[in-house]
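Good morning, and thank you for coming. I would like to walk you through one structure today, and I ask you to keep the view open as I speak.

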Amino acid sequence: MSPPMIIAGIVVWFTAGSLLSWHARKNLGEGMIEYFLADRKVGGFISAMTYSATTYSAFMMVGLVGLTYSSGIGSLGFEMTYLAATVILMVIFAPRYWAAGRIFRLVTPSELLARRYRSPMAGAVSAVLCLVMLVPYASVQLMGIGYLLEVLSGGAIPFTVGMLIAAGVSFVFSWWAGLRPVALTDALQAVVMLVASLLLLGFITLALFPGGLPEALGSRQDLLKVSWTFPMFLGLTLPWAFFAVTNPQVVQRLYIPSSVKNLRKMILGFSAFGFVYTVLCVVFGLAAAVKIPGLEKADNAMAMLLSSVPSPLALVVSLSITAAAVSTMNSIILTLSSMFGRDVVRTFLPDISERTELGICRLLIPVITVVCFFFARMQLGLIAVLSSMASGGLLMQLPTILGAFFWKKATAAGAVSSMIAGGLAVSFMYVQGLKPLGHWPPVWGILVSGTVFIAVSLATRPPIDTEDFFSSLEGYIRDSFGS
């Protein structure tokens, strides 16, 4: 595909997104809730699409395709486990987050922890953990676009330039008017992602494998065997299984639906989108493994597969991958900037005005973008593995989150100490490359975090208004959703 054609496609896509952002900006009000949550007035379809686009990033069409290319059908079990767990967790937690957001006027997921445990430090520690761990995850979005554009352009668009394009678009979409335009562009991008993938599936089925992909896989039986060891499967899957409650950029989306009806539409819409998109990405990985074996870098599998299809289709699919990465990047940037202002700055400067707080949050948006860009340039490993590592660190919030909603004896001291202990343990093991008894760092990290959380909570006292928190939340859920 020619570089001018790629650049023209990006310009058209960016222009369409900018027009949507401009339209949304006209309705922008004031304050943190308006900027970061669109005033909690997002409809069901937009909620479902922005949740899907935020969740399914370059990890899927680049990372999951590459993982399937290198390890076969085992990746389907890995990703389907994530999807099933996410849907179950959304059914359980979405009503609680949605209700808590309205009762306590919450902006960030960490703010809920600060409110539940009556400890600004609990929110601040959660926010810092997210700031540290989400940089690698945001960075893989840029890496995915860099790999894709470099291969498709035959090297005319270097890896670094591709990342610069993605970083620039992400900055504009997120900084201009907050969540409202991001939600609209996410909806557009989610539709493009799904339509482009279905078109690619049609071409692969009719042109590349006229006899059928199952028949072509007959010569590659190794791809149909689950080659993953149990420690590998557990180490990669465990962080993803709880992605829906430990990754703040998706949790924050649970605050935005305008009604119970639209919250339900979000869950159903995401479930359908996720199932179809997962199957498509695994099929693309298997097709690439059969059609283009022997690639040195598995993350290039999708780009090489697109080199085998007509340029117009390759352009549409590549733009959909770029859109997926940018939508996730947008969401991470917005969420991290809101957490920094609400959960870190306010911990030390509790009396600042909301206008000052919002100004600080917006100043952080370019800082986060630049940090992610330079981290991505390091190219530290496979996109799928880097994404799982980031989620492994975020998993250390799980005991604190479960305690916030379901254990009245949970305490602030238990929350803070468990997140610190778990975060340090999993980071140390990843940096040192340690896998005690063959098990990956997230497994040991969650054991450390959970043990510390329970032990310290039992040794300390919960907030005096714990009963009020639970009764308020349960009463609101009962009134809104029915018994």
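I will speak about the cavities, then the aromatic pairs, and then some single residues and one helix. Please bear in mind throughout that this is a predicted model.

Let us begin with the interior. How many cavities of 30 Å³ or more are there? The count comes to 2. The largest cavity has a volume of about 70 Å³. It is lined by 13 residues, and those closest to its centre are Pro-109, Ser-110, Ser-126, Gln-397 and Ile-401. Helix 6 (109-116), helix 7 (120-152) and helix 12 (243-246) each give two or more residues to this lining, and the largest share, 3 residues, comes from helix 6. As for chemical class, the lining of the largest cavity holds 8 nonpolar and 5 polar residues, and no charged ones.

The second largest cavity has a volume of about 50 Å³. Its lining is made up of Thr-55, Tyr-56, Phe-59, Met-60, Glu-79, Tyr-82, Tyr-137, Trp-240 and Phe-243. Two or more of these residues come from helix 4 (58-71), and likewise from helix 5 (74-104). Here the classes are 7 nonpolar, 1 polar and 1 charged.

I turn now to the aromatic residues. The structure holds 22 aromatic pairs. One of them joins Phe-93 and Phe-405 edge-to-face, with 5.7 Å from centre to centre and 70° between the planes. Phe-93 belongs to helix 5 and Phe-405 to helix 19, so this pair ties together parts that are 312 residues apart in sequence. Both Phe-93 and Phe-405 are buried.

Phe-93 also forms an edge-to-face pair with Phe-406, at 5.6 Å centre to centre and 80° between the planes. Phe-406 is likewise in helix 19, so the pair with Phe-93 in helix 5 links parts 313 residues apart in sequence. Is each partner of this second pair buried, exposed or partly exposed? Phe-93, at 4% relative accessibility, counts as buried because the limit is under 20%. Phe-406 is partly exposed, with a relative accessible area of 42%.

There is also an aromatic cluster, formed by Tyr-51, Tyr-56, Phe-78, Tyr-82, Trp-240, Phe-243, Phe-270, Phe-273 and Tyr-277.

Next, two serines in helix 16 (residues 311-348). Ser-338 lies in this helix, and so does Ser-337. Ser-338 is buried, at 0% relative accessibility; Ser-337 is buried with a relative accessible area of 0%. Beyond four places in sequence, Ser-338 is in contact with Met-32, Phe-36, Val-107, Thr-108, Gln-252, Asp-343 and Cys-361. With the same exclusion, Ser-337 touches Phe-36, Cys-361, Leu-364, Ile-365 and Ile-368.

Gly-294, by contrast, is exposed, with a relative accessible area of 75%. It is found in the loop between helix 14 (260-291) and helix 15 (301-306).

Finally, consider helix 22 (residues 466-481). At 1.5 Å a residue, its 16 residues should span 22 Å, and its end C-alpha atoms are 22 Å apart, which agrees. Its buried residues are Thr-466, Phe-469, Phe-470, Leu-473, Gly-475, Ile-477 and Phe-481. What covers them includes helix 5, helix 6, helix 14 and helix 19 (398-406). After helix 22 comes Gly-482, whose phi is positive, near 85°.

Thank you for your attention.

Terms used:
Residues numbered from 1 in each chain as written. Predicted model: local features only at pLDDT ≥ 70, side-chain atom pairs only at ≥ 80, totals over all residues. Heavy atoms only, no water. 1 Å grid on protein atoms, 1.4 Å probe; cavity = no way out; pocket = protein on both sides within 12 Å on 5 of 7 lines; lining within 4 Å. Points joined across faces, edges and corners; volume = space filled by probe spheres on them. Helix = DSSP H or I, 4+ residues; strand = E, 2+ residues; numbered from the N terminus. Nonpolar A, V, L, I, M, F, W, Y, C, P; charged D, E, K, R; others polar. Buried < 20%, exposed > 50% of the residue type's maximum accessible area, 1.4 Å probe, protein only. Expected span 1.5 Å × (residues − 1). Contact = heavy atoms within 4.5 Å. Phe/Tyr/Trp six-rings, centres within 6.5 Å; stacked < 30°, edge-to-face > 60°.
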